[in-house]
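Reader: Hello! I'm new to this structure and would love a close look at one part of it. Could you walk me through the aromatic rings and how they pair up?

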Amino acid sequence: MWVAKPGQSAFAFRTGYSGTSFSRWIQNYPGTHTFYVEACDSSGRCAQSNSVGVYLSERPTIPSVPGEPDVNWDLYHPAGSSVRVKIPSIAGATYYQVYNGTSSTSTSVSRTFYSSTWEYISSVSTGPNYIRIKACNSAGCSAESPPRRVVIFTTPSAPSASVSPVYPSKNATVTVAWNRPSGMIWSGAYFKVSCINSAGTDVCNQNIPHIGGSNKSAYSYSFTASSVSGYDIQVKACNKTDSYCAGSHVSSAYVLPAVHGDPGYNVDWDFYYPQNTTMSVKLPQSLEGADSFKVFYYADGSSPQLYAHVPKSQRTIDVNVGSAGKYNLALASCVSSNSGGAQCSAQSQARTIVSFIKPEAPILSITPNTPELNEEVTINWNRPNGMIWSGAYFKLSCVTDTGKDVCNQSIPHVGGSNKSQYSHRFTVQDIAQFDIQVKACNKTASYCTSSNTSSFTTNPAQHGDPSHNVNWDLYYPENSMMTVNLSQSLNGVDSFDVYYYPEGGEVRKVKHVSKAQGKMDINVGEQGYHTLQIASCTTSSSGSTRCGELSKKIRIVSFNNPQAPVISVTPQVPEVNGQATITWNRPDGLIWSGGYFLVSCKADAKLEACGQKISHQGGSNKTEYSHTFTVPNADKLDIHVKACNKSDAHCAVSKKTTLSTTPPGHGDPSYNVEWDFYYPQNTTMTVNLAQSIVGADSFDIYYYPEGEAAKKVDHAAKTQGKVDVNVGAKGFYTLQIASCSATSSGGYRCGELSEKIRIVSFAKPGAPVVSVTPASPSVNQALKIDWNRPDGLIWDGAYFKVSCVASDGTDKCRGIDIPHTGGSKKLEYSHELLVTDPTSLDIKVQACNKNDDNCTSSAVVRRTVEISEDFAPENNGKELTWQTVSGATSYVIESAVCAESCDDLLALEWSAFATLAGSDTRHKIVPTENQFYRIKACFGDGTCTQWTYIIKYTPKNKTIFIHTDLLGNPVAETVME
């Protein structure tokens, strides 16, 4: 190898080398060094290679000491892991030397790195590790950096955990407490709390940090036990990750399910089982949180024994009930934890289970010992020993010799009643031999014991009433055929003996007939009474016939036609549309049942007015019959009655009675004149013709002076509607009407005349005589007008017209009409008028009959009314004042209020306001709008003046005087300031 240093000749610094490479220390001689190689053989011949130039720089200084190694503050690492360290960047350093050991001087690990990156350094052992770094170059290495302490850890010790309470109630708080175990790192350690319920759900699932700096030695966590469940609770102490955890012992808390209910539900309330059989116990599927059940089954009187602990999912468990005796069944509800533990609530109430065997045999008896067909039989038996309380029963059989069980009853044993005797009744409906037996059974037919057997034999029952067989038809025409229907519903009967013979004669059987024939016909014989009887029979297997007793006797009547009835009719001459009654006797020969009468009433030999079929009431001993009918509109009626036995072919007819009729009577004629009995003389009265009288088609009108003979004035057809009659001269008259109807010959006939009514034909009445007081009236003083009742006033519809004509032409009485009260026999009349203004009055009274055309006037009486200043009350809004009235001992004041309109003073209701002494001339009032007052002066003898003024207060100090007449009618109004 040859080298040429800068500025020097080449020299060989290695010769005779047989390898392919070598190294050589080059002195610190800066500049370019050129190298080449000669390859030589053994003879010394050489060949030179190409040359390579190498520049050598000047030798550097040693780098500075690095700072404390950067591990990104990750100071805790699990054992066996590497620590990630940042290789620093130090000026002049070309590589770095990294050391790790259990002390700050240990170099158990030494690594060299040539760049500034993050690198992994192996840990040495558990506990503190100290990492240092040197910065190096060709000049050498710096001193070690300050050490970085990193802790290498393993899994800590397991904590000790406790749970309280162990048996919380649902939704109670459960507290988990634990210690801080050794081996937990200062930072990054934590506790992992799990509370696994029965469903496998962690209801806690908490990571709780270990607080290294607090020196805290005890920890706790609380959760709510929100469901019925077992809770497996564990606390793990962890260093940094779940891979370095140590778990505590698993503790359990249990929210227990509710105490199991009545076990009766689990066995479907079936507490009785044959000995050594299996009882199926159902496990509840809806009891909250319960996932298994403890089943307790043990002999009655002994301590509870666990039979099995069964998971809920099994749904049922079969329990062998054991030998005969009493046992107890109880259940406890359980809940399991996820780790396999289980806890149960208290036992339920116990139910008694009875394991049974067959009962003893009952003892049976029957009454009567030999019953007849259709007779009731009573079967009696005792309750034998060994019958269970519930589910036991008696099996009753009543088997005929044909194998038919006519009882076939299962009768429950009534355990709760302590009933010791039982019975059953049935009616014997078969003709046969009966074997009767009772079995006492416990729950099923396999556990029955039979009683003794009682037997009896029956004959056919006595046949029922033969009336049914002839459909209750006991009456037949002589020598006709009677059909006897044969009963088809009698059990055990296949034939009948039929007996028919004269009543009181020898009993005689006419025929033995098969039930299948259905019926038979018998000739009833000559007229008279006969007897029918029937016996029920049955045929034995040998062909012999056995019959029951004969039925009751029934009478069969063989009849002919009855005799004719005798009739009478009232009245002899009935009115059309009136009532007539036909009466007749019950003739001999009429049968008891099925006899009847046919009543005929033919009008004019054509129209049937009766046509009635009336039953003969045989059971009532009724000897007379009648029929009432409405008389038709006919001249004559032909009447007869037929007496019949059972059909129209067996009738006898009465003699015919012929009646003549008369038209109907007319009612009160007042209706026809519309109750108007008063007419001016020689005028026309309208008589309306009645349209609703049945049978009347015309009327005779009678009108004549009262007290004279009746006189017909007109005959009018009903269709005419009305008739006008002249009432005649003044006087009293009578009106009557008769109803008439046309006859078949073309004429007409009339009924009786109606009642009489009085018609008054009147003229004008006489003039009344009038007087007026006082003779010299003053303003606001009442005038009294009196008059008599003149002759000629009619009783009803008369009246008086009063007029009081003032000087201005107005009628102050306003033409008032005062009725004449005819019924009161009143002879004198009067009218009062209050005059409120000075005037002269012409007063007269007219007496009028019915209307103003028939009036007669009185003479005119004139009175002059003047103003008097003696008594003039005033109202100033605060008080009423008046002048003293000579001789007055008191003043009476009345008031009235007008709520709305004050025009109609007749509507005012006056009430007492004040009564003052005769010396008073004023009285205070409260100003009220629409308040009215009136005043009168009274004297010691009890007399008083007329009411003076009606004083009304109005605002603005105005007083309104309303002047009225004696009837209170307003006639004038005066306003004064």
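Author: Happy to help; here is a short tour of the aromatic rings, pair by pair. Please keep in mind that the model is predicted.

There are 28 aromatic pairs in the structure. One of them joins Y95 and Y114, whose ring centres are 5.8 Å apart with 45° between the planes, a tilted arrangement. This pair links distant parts of the chain: Y95 belongs to strand β9 (residues 95-101), while Y114 is in the loop between β10 (109-113) and β11 (118-122), 19 residues apart. Y95 has a relative accessibility of 22%, so Y95 counts as partly exposed. Y114 reaches 63%, and therefore counts as exposed.

A second pair to look at is Y297 with Y327, and this one is stacked: the centres lie 5.2 Å apart and the planes are at 10°. Because Y297 sits in strand β25 (residues 292-299) and Y327 in strand β28 (residues 325-336), the pair ties together parts that are 30 residues apart in sequence. Here Y297 is buried, at 9% relative accessible area, and Y327 is buried too, at 14% relative accessibility.

Rings can also gather in a group: W178, F191 and Y219 make up one aromatic cluster.

Finally, some rings have a charged partner. The charged end of R148 is found over the ring of W73, 5.3 Å from the ring centre. In a similar way, K443 lies over the face of Y273, 4.1 Å from the centre of that ring.

Conventions:
Residues numbered from 1 in each chain as written. Predicted model: local features only at pLDDT ≥ 70, side-chain atom pairs only at ≥ 80, totals over all residues. Heavy atoms only, no water. Phe/Tyr/Trp six-rings, centres within 6.5 Å; stacked < 30°, edge-to-face > 60°. Helix = DSSP H or I, 4+ residues; strand = E, 2+ residues; numbered from the N terminus. Buried < 20%, exposed > 50% of the residue type's maximum accessible area, 1.4 Å probe, protein only. Lys NZ or Arg CZ within 6 Å of the ring centre and 35° of its normal.
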